[in-house]
Amino acid sequence: MTKFSDEKLAKVQEIIARYPDGKQKSALLPVLHLAQEEFGWLSSDTMDYVASLLSIEPIEVYEVATFYSMYNLQPVGRYTFEVCQTGPCMIKGSDDIISYIEQKLNIKPGQTTEDGMFTLKTVECLGACGYAPMMQMGKFYKEHLTKEKVDAIIDECRKTAAANN
Amino acid sequence: MAVKLLLEKAHVEGIRTYDVYRREGGYRAVEKALKSMSPEAIVEEVKKSGLRGRGGAGFPTGMKWSFIAKPEGVPRHLVCNADESEPGTFKDRYLMEFIPHLLIEGLIISSFALGSNATYIYIRGEYAWIPDILEQAIAEAKANGWLGKNILGTGFDCEIYVQRGAGAYICGEETALIESLEGKRGNPRIKPPFPAVKGVWDRPTVVNNVETLAAVVPIINLTGEEYAKIGVGRSTGTKLISACGNINKPGVYEIDMTISVEEFIYSDEYCGGIANGKRLKACIPGGSSVPILPANLLFKTAKGETRYMNYESLSDGGFATGSMMGSGGFIVLDEDQCVVKHTYTLARFYRHESCGQCSPCREGTGWMEKILKNIDTGKGKMSDIDLLWDIQRKIEGNTICPLGDAAAWPVAAAIRHFRDEFEWHVLNPEESQVRNFGLAHYADAREVVA
Amino acid sequence: MVIHIDNKEYNIKSGKNLLEACLSVGLDLPYFCWHPAMGSVGACRQCAVKVYKDENDTKGRLVMSCMEGVKDGLYLSIEDKTAKEFREQVIEWLMTNHPHDCPVCDEGGACHLQDMTVMTGHDYRRFKYKKRTYTNQYLGPLIHHEMNRCIQCYRCVRYYRDYAGGDDLNVFAAHNHVYFGREKDGVLQSPFSGNLSEVCPTGVFTDKTLKEHYTRKWDLTMSPSVCNHCSVGCNTIAAERYGELRCILNRYNGDVNGYFLCDRGRFGYEFVNSENRIKRVIIRNRAGEASTEEELMQHLQPLVSMSKIIGIGSPRASLESNFALMQLVGKQNFYQGISEDEAHLNRVCIDVLQSGSVHSASLKEIEQADAVLVVGEDIWNTAPMMALAVRQAVVKTAGAEASQHVQIPVWLDSAIKELAQEDKGFLAVLNVSASPLDELATHAWHATPDDLSRAAFAIAAYLQPGKLQADNFSEELTNQAKAIGEALKQAKNPVIITGVSSYNDNVIKAAFDIAASLNTAGRKTGMACVMTECNSMGLALMDAPAFNHAMDSVRPNGHATAVILENDLYRHLTPNLVDNFLNKCDHIIVLDSLHNSTTEKASVLLPAATFAEGDGTLVNNEGRAQRFFQVIPNADTQVKESWQWLWKMQMLRSQKVNGHVLHPDELLQKMETDMPQFKGITSVSPGHDYTIHGERIPREPHRYSGRTAIQANKNVSEPKPFYDGDSPLSFTMEGFKGVPPSWAVPFFWAPGWNSVQSVAKYQDEPNGSLKGGNPGVRLLQDKKKENADLFFKDVPEQFVITKDKWLLLPKFHVLGSGELSGYTKALEVLSPELFAIISPKSAEALNVKEGDMLQLTDAGIAYGSLPVKVLDNMCDGVVFVNAGSRGTVGMNWGTRINLAKVN
């Protein structure tokens, strides 16, 4: 059963309170972010739950969630590498970084490693062009990527995961 | 050393915190504005400053503010557009990340000027850590009486909220941003009605870029008249330029719009020259949607005059031989870069970011992407280049929002200035896969200048 | 105002957009996303034209014609080269992902996208890549989904969500991969989903029932028809091939249904093709069928010659048939085939609508109302298109109000939607139970019919202080009356809707009092009374006694013959009543099209034509008489219109054999002479001998194919086409090729316009009247009778709930309550099962829960037992039984019955 903790529910109320009365649908994007943080991805159950929190129809949530690229409508790995491939990153070698990750993790963009640890995605410009090539991992950016840096990031992820398990 | 109005204090230790920011003279402008100026006077000051929207369109900010409708009993809103998504542009992120209080200060003054009691910062979703920084700054400002109820005893109430987008370039377009803020798909609205009359929740709304709103602080501190003295002509004040690509020093620079493009690229104060001793091939000076310029048109205009880093000079020659200031996303390509491939990535970007509402953009961007991919991978035909030209020509100006133009211009300019490179790809399908076209007959701009 | 289009001057109404202007003067300009009923959103960019500053401007600018309003003296060009090139380019864009599957697409030949593609001249494909593909969805038995064909005009979601208020269809994803569908496979929930097939400019949403027996539009024989599944009388096009009814299409009528139909109307046609049809004469208690007509006549001769012959009329048979029956049996022996209660209610409706104190509102007028009150009629389920009209009134009023402040034209749909936000026009719904209409309502209140009428009387008392004793009302009622009355007073053209399905005349009377009170200077007040069947109004206007009196008129062993016209009496009346009557009659002649409980009792059963095989006139609840025309030739069957059979019987009875061929127009002429209330009925459509320049109006498009082969299984030489002597329409493709008069439009087609969008060529202007006026003749006059000051003053007592007696009321279902439409498989599966429906409190009182069985008895009549269904949002003290569905029987609706739990 999909349900937020009391703390998260309070956060939802706080978000809703930012908007005028009756315009609680405005909270949809932030609450979906919250749900994705909490549950990892947005299943129909999760989206239905969000709909109920905002008193809107579930289909309105699907309509919106499918529009934006950041919402995961499929389960993803523990760590998602979203590598930018737009012009400014491309000229700084993002293609090489992508192939390197593909080869290293043995997955193609859009896929997740068998151990459920890593998902690789290619994304369009993330606004870090001066620090290219780069990728987003969770909340933060990993910039000035090199093969060595990618190795280090992957190792770090595995270590953290092992330590937390 | 050029004038710095926004980033002067950006690297003062601890400037992110309220105490340091305040100690460095922060919130003086709020005090001045709220205590000694009327909202109308602030609008007038911004008009006088000649400040133009820093998001890309360059529309005079004061004028935009004066359009806001003030129907009795209807709340008005200021929305800060922090949905910085134009490839090559990362200046707003820099400003918000390093000197968040400057934006908050600008927002308080602007909210007061516009009568917005609830102001929203709509920030692109990928900048996931920045809302924390902003919310921290907002909390500090509030704790110190700069936000909340009855600010400075003026009776003015104001709250600032941060809302994250979720990955949609189109939400940088103001009406799409409003839709998104309302929790909907980011489909741009048809204008009229304009946001200034009917914006978010059907209320009068002004949407301004981060840098624009931050610039209100120095305008109030200096007065509009003094601010207008900085820069040249209608390019007043300072502008943040985010420089990237094959340069030695990528990053965000504040310029006063009197420096030349050449100086910007080669001066150590700014980009520090082309990286790895390579030669300059081309540059997109204002974010990926503005026309790419080959080196020979970059430093000198078609008339042979020096090209400067300002609105007028960058667009000198129109699209035939000029470009635009745009959002200040400065992308530099060296001799090893392939214009076809670069244009292809941009076409892919715009296809991916089209909202899907109107036909030219939805279908046209997808088609351009496919053609460019084919040419880039050695499968193109000569007629594909003409077809590309035809498609972009019919997208331009014929879509609901400017995304159509943004998608068409880079393709148009690439063909306009680099047609031989496209043709070379078509004529040399195999060779083009193993080596770059390079500079060919384009000389390094410096050689031309010399 | 005058505008210049390609250097020609045109007079255009102000307030239009340029696209509407061009279409209204008959020019061709392609478009997709704009829809006359839904306005402009500027999404497809197909309708681009050049607009010039003045006559000296040679450059001009490209604009989307649907997004710009007309201005006096404006110059525009459709033919401009840039504009033409751009329009061609738009089609090319749309075609990049549109599959080239026209040969296997149901839309082919009636496809707006095909038409527009040809119109722009796009013919060469420069896109050489793989097309985008999608997974289709199962959308239920009515609509087929084929997403690959989508051109993303957004019309479907705009129609389904914004116009029709549905919420289970939407747009998903973004960029060049937007998807229109449901969240997952499943039946579309809106009862107006069928319009998607006409709203969609191509083959994404198509009629799934047509798919079962598919025919191209150009191969259909089509006739103007009128829906016979409720009392609203929507105009339809009935389409035939190989003797089978293939589909029902919308027939635009600017005063009635406009561009849309409900799903019961669109998909309920398949009873015509049902295996349950009566196709041959059946003479019971006699060996063998009557093989020839002569034999039949011989058999009928003594039956119709009995001294006592009683005619039982029908609310679903045409005026012609009812009148022919009246002619056969004599006025004194003609009875309405409905209960005394229903006849009384219908009479009250007619009395109030004819009082002259109110105006009988058309659907169009309801749509344009600025405040609506619904009292005691569940129109969502009994008159679906009226509910859709109310929705438009509520939504558009808010939009129109909002637009005034910012000078945004009302056709600018996207902007209007933003402006209106959640604001709505005024709607109050006072009903026994909730319906989806409640969601739009400012006030929604549920009570028993008596209490509903009290609430309505309270409003009337508020509007006309002093006329009614107001101290009788509770504070709640008084407050509510004030709120609703005040809102109605603010309106300029309010509409009050009521109807018979609450089985309570006070409801109608009170509604009338409100309407009459509002109908003062400066305010045009409409009133609408919903009835049960497609010709309830027509039958009621004939002013005959109800069925009960027929029974009284037959003495035991009175040697009577009953002639029962197209009426399953067991559905309208309690079984004991019907049995009593039938047992008293020596002979029972039944004319009907489908076997039912009444036809079971027939001694002679005559195969009656359905609307598809015959001609006739129906009167809808507005009082609008409308003609339907035969579409299936019945040359080689025994099926005849009832009025034909009845005429033959009359000839037998009067022993006149003069060989005169009766035309329906003659019946109507006689009817007009005999019954002044039908004045004007002859002008609904001209006589059978009407021609245009000597030509008849063809039912077949000029590209109709296979005519020489269509009967080849019977005769290799092409037979003579079926000759229709009853109407000016012919069963051929030859004849008048232009736009026929509005009452005789068999199909919409114009050169270059093969799809339904061609309706524009038949209209004065988009969304306006058909050329020459919308079809139909209003029989109810607005003229106030002298000295008439009708005002009802008897306010009933408050309803008192008792433990042992429950008020029995019918519960209708939007798709399931049509007697005839129930024979469409697709609708049958979507119809509810039979239940005894009660409120949670009632369930508590009866100590039952869902699934338990309840025994229903009424003063000796055992109705049997039904499973319990508990419904929130309905009033206490009432038991609903599903009505109208197959298997339901007539009950004493509106009476109090006993309920007991079956253990």
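# A friendly tour of chains A, B and C

Q: Where in chain B is the place of N150(B)?
A: This is a predicted model, in which local features need pLDDT of at least 70 and side-chain atom pairs count only at pLDDT 80 or more, while totals for chains, interfaces and linings use all residues. Residues are numbered from 1 along each chain as its sequence is written, and chains are lettered from A and ligands numbered from 1 in the order in which they are written. Helices (H or I, at least four residues) and strands (E, at least two) are DSSP runs, numbered from the N terminus. On that basis, N150(B) belongs to residues 148-151 of chain B, which are strand β3.

Q: What is the phi of N150(B)?
A: Most residues other than glycine have a negative phi. N150(B) is not a glycine, yet its phi is positive, at about 45 degrees.

Q: Does N150(B) count as buried or exposed?
A: A residue is buried if 20 or more other C-beta atoms, placed from the backbone, lie within 10 Å of its own, exposed if 12 or fewer, and partly exposed in between. N150(B) has 11 C-beta neighbours inside 10 Å, so it counts as exposed.

Q: E566(C) has a positive phi too; how many other C-beta atoms lie within 10 Å of it?
A: Phi of E566(C) is near 35 degrees, and this residue sits in the loop between β22 (560-565) and α20 (569-572) of chain C. E566(C) is buried, because the count of other C-beta atoms within 10 Å is 27.

Q: Which residue does a cis peptide bond join to A132(A)?
A: Most peptide bonds are trans. The bond in question has an omega of about -10 degrees. The partner of A132(A) lies in the loop between β2 (118-123) and β3 (135-137) of chain A and is P133(A).

Q: What is omega for the peptide bond from P192(B) to P193(B)?
A: P193(B) is in the loop between α8 and β5 (205-209) of chain B. The bond from P192(B) to P193(B) is cis, with omega near 0 degrees.

Q: How are α8(C) and α23(C) placed relative to each other?
A: Axes here are lines fitted to C-alpha atoms, for helices over the stretch in contact, and angles run from 0 to 180 degrees between N-to-C directions. Helix α8 (residues 293-304) and helix α23 (residues 642-653) of chain C have axes 9 Å apart and an angle of about 70 degrees. Angles under 35 degrees count as roughly parallel, over 145 as roughly antiparallel, 65 to 115 as roughly perpendicular and the rest as oblique. Therefore α8(C) and α23(C) are roughly perpendicular.

Q: Which residues in α23(C) meet those of α8(C)?
A: Contact means that the C-beta atoms of two residues, placed from the backbone, lie within 7 Å. From α8(C) come M297(C), L300(C), Q301(C) and V304(C). They meet M649(C), L652(C) and R653(C).

Q: Which strand do five bridges join to β30(C)?
A: Six of the seven residues of β30 (residues 805-811) of chain C are buried, so this strand is largely enclosed by the rest of the structure. Two strands pair if DSSP finds at least two bridges between them. Three bridges link β30(C) antiparallel to β35 (residues 896-902) of chain C, with K805(C) opposite N898(C). The parallel partner with five bridges, where L808(C) is matched with V879(C), is β34(C).

Q: Which strands of the sheet β10-β11-β12 (chain C) stand at the edges?
A: The three strands form an open, antiparallel sheet. A single partner strand is all that each edge strand has, so one side of each is left without a neighbour in the sheet. Those edge strands are β10 (221-226) and β12 (244-250) of chain C.

Q: Which element gives the largest share of the side of chain B that touches chain A?
A: In this contact, 47 residues of chain B meet 35 residues of chain A. Several elements of chain B each supply at least two residues to its side, among them β4 (156-164) and β8 (239-245). The largest share is seven residues, from α15(B).

Q: How many residues does chain A give to its contact with chain C?
A: Chain C brings nine residues to this contact. The number from chain A is eight.
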